[in-house]
Amino acid sequence: MFISHASSGRARFFFPRFLAVLPIVLASFGLGAPAVFAQAESVSGLKLPRFVTTRSNPINVRVGPGTKYDIAWNYTVAGVPVEIIQEFDTWRKIRDMDGTEGWVHQSLLVGTRAGYVTPLVANGEVAMQADRTDDSAVRARLAPGVRVNISECDGTWCAVSAGQPGERANYSGFVRQEEIWGVYPDEVFD
């Protein structure tokens, strides 16, 4: 079975570019970045950075931590994997697979793990194995960018499931951890 690329469910909106460079401009005048941009510690007590998924749809992603900030883009589907890289009060600064960053309210994120297939070989496929070995049977071949649900990782292999968009059939098996965006190298969890 070959599973092809799925859409990330993201729609982009225009936002003023001066907001993205505000910390750099302030630093050039010796003023430093505002506390909102400078905070890098976890207010939730959870480690930073960490991966989560979007809880609902649509989700507005803002240029700053609050509803007074402009909307940069929105997610139109739930379950999109993102990385939390900073926290401010009840707001979380996230980064997506493309490296784009923005702020969302914590209530719009959930700790469920998911990721995207990222083959080590350019334009390659990733084999979903039946077991945690390269010699086991191949359950499916996953194209770059396919979203997978991740149930556990042992530092080398992750137990995942995936399916064609809009189909009920799910394929489950194991994918090398290094070929998934949504987990850290050598990360272990279940």
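This report walks through the confidence, cores, ring pairs, disulfide and backbone details of one predicted protein model.

## Confidence

The model is predicted. Its protein chain averages a pLDDT of 83. Of the residues, 76% score at least 70. One stretch falls well outside that band: over residues 12–40 the pLDDT is below 50. Beyond near neighbours in sequence, residues 12–40 still have 38 contacts in the model.

## Nonpolar cores

Nonpolar side chains tend to be buried together in soluble globular proteins. In this model the largest nonpolar core has 18 residues. V61, Y75, V82, I94, V104 and L109 have the most contacts inside it. Four elements give two or more residues to this core: β3, β4, β5 (71–75) and β6. Strand β5 gives the most, with 3 residues.

V104 shows how such a core residue is surrounded. Leaving aside neighbours within four places in sequence, V104 is in contact with I59, N60, V61, T90, W91, R92, I94 and L109. Apart from the largest core lies another, of 17 residues. Among its members are M128, A140, L142 and V146.

## Aromatic pairs

The model has 3 aromatic pairs. F51 and Y184 form a tilted one. Their ring centres are 4.5 Å apart, with 40 degrees between the planes. This pair links distant parts of the chain. F51 is in strand β3, whereas Y184 is in the loop between β16 and β17, 133 residues apart. Both F51 and Y184 are buried. Ring pairs also bring in W181, so that F51, W181 and Y184 make a cluster.

W73 and Y75 form another pair. Their ring centres are 6.1 Å apart. Their planes meet at 80 degrees, and a pair counts as edge-to-face over 60, so W73 and Y75 are edge-to-face. Both residues are buried. Y75 is also one of the residues with the most contacts inside the largest core.

## Buried charged side chains

R50 sits in strand β3. Its relative accessibility is 12%. The cut-off for buried is under 20%, so R50 counts as buried. The side chains of R50 and E87 are joined by a polar contact of 2.7 Å. Not counting residues up to four places away in sequence, R50 touches S44, V82, E83, I84, E87, R92 and Y184. Two of these partners appear above: V82 in the largest core and Y184 in the tilted ring pair.

K93 lies in strand β7. With a relative accessible area of 17%, K93 is buried too. Its side chain makes a polar contact of 3.3 Å with the side chain of E101. Beyond neighbours within four places in sequence, K93 is in contact with E83, I84, I85, Q86, E101, G102 and W103. E83 and I84 are also touched by R50.

## The disulfide

The structure holds 1 disulfide. It joins C153 to C158, with the sulfur atoms 2.0 Å apart. The angle about the S-S bond is 105 degrees, and the link is right-handed. C153 has a relative accessible area of 2% and is buried. C158 is also buried, at 0% relative accessibility.

## Backbone exceptions

Most peptide bonds are trans, and most residues other than glycine have a negative phi. Some places in this model depart from that pattern. The peptide bond from L48 to P49 is cis, with omega near -10 degrees. P49 lies in the loop between α2 (35–38) and β3 (50–54). The bond from N57 to P58 is cis as well, with omega near -10 degrees. P58 is in the loop between β3 and β4 (59–62).

D89 and D186 have a positive phi without being glycines. For D89 the value is about 55 degrees. D89 is in the loop between β6 (81–88) and β7 (91–95). Its relative accessible area is 53%, over the 50% cut-off, so D89 is exposed. D186 has a phi of about 65 degrees. D186 is in the loop between β16 (180–181) and β17 (188–189), the loop that also holds Y184. At 62% relative accessible area, D186 is exposed.

How values were computed
Residues numbered from 1 in each chain as written. Heavy atoms only, no water. pLDDT = per-residue confidence, 0-100. Contact = heavy atoms within 4.5 Å. Disulfide = S-S within 2.5 Å. Buried < 20%, exposed > 50% of the residue type's maximum accessible area, 1.4 Å probe, protein only. Polar contact = N/O pair within 3.5 Å; in protein donor to acceptor, adjacent residues only side chain to side chain. Core = buried A, V, L, I, M, F, W, Y, C linked by side-chain atoms within 4.5 Å. Phe/Tyr/Trp six-rings, centres within 6.5 Å; stacked < 30°, edge-to-face > 60°.
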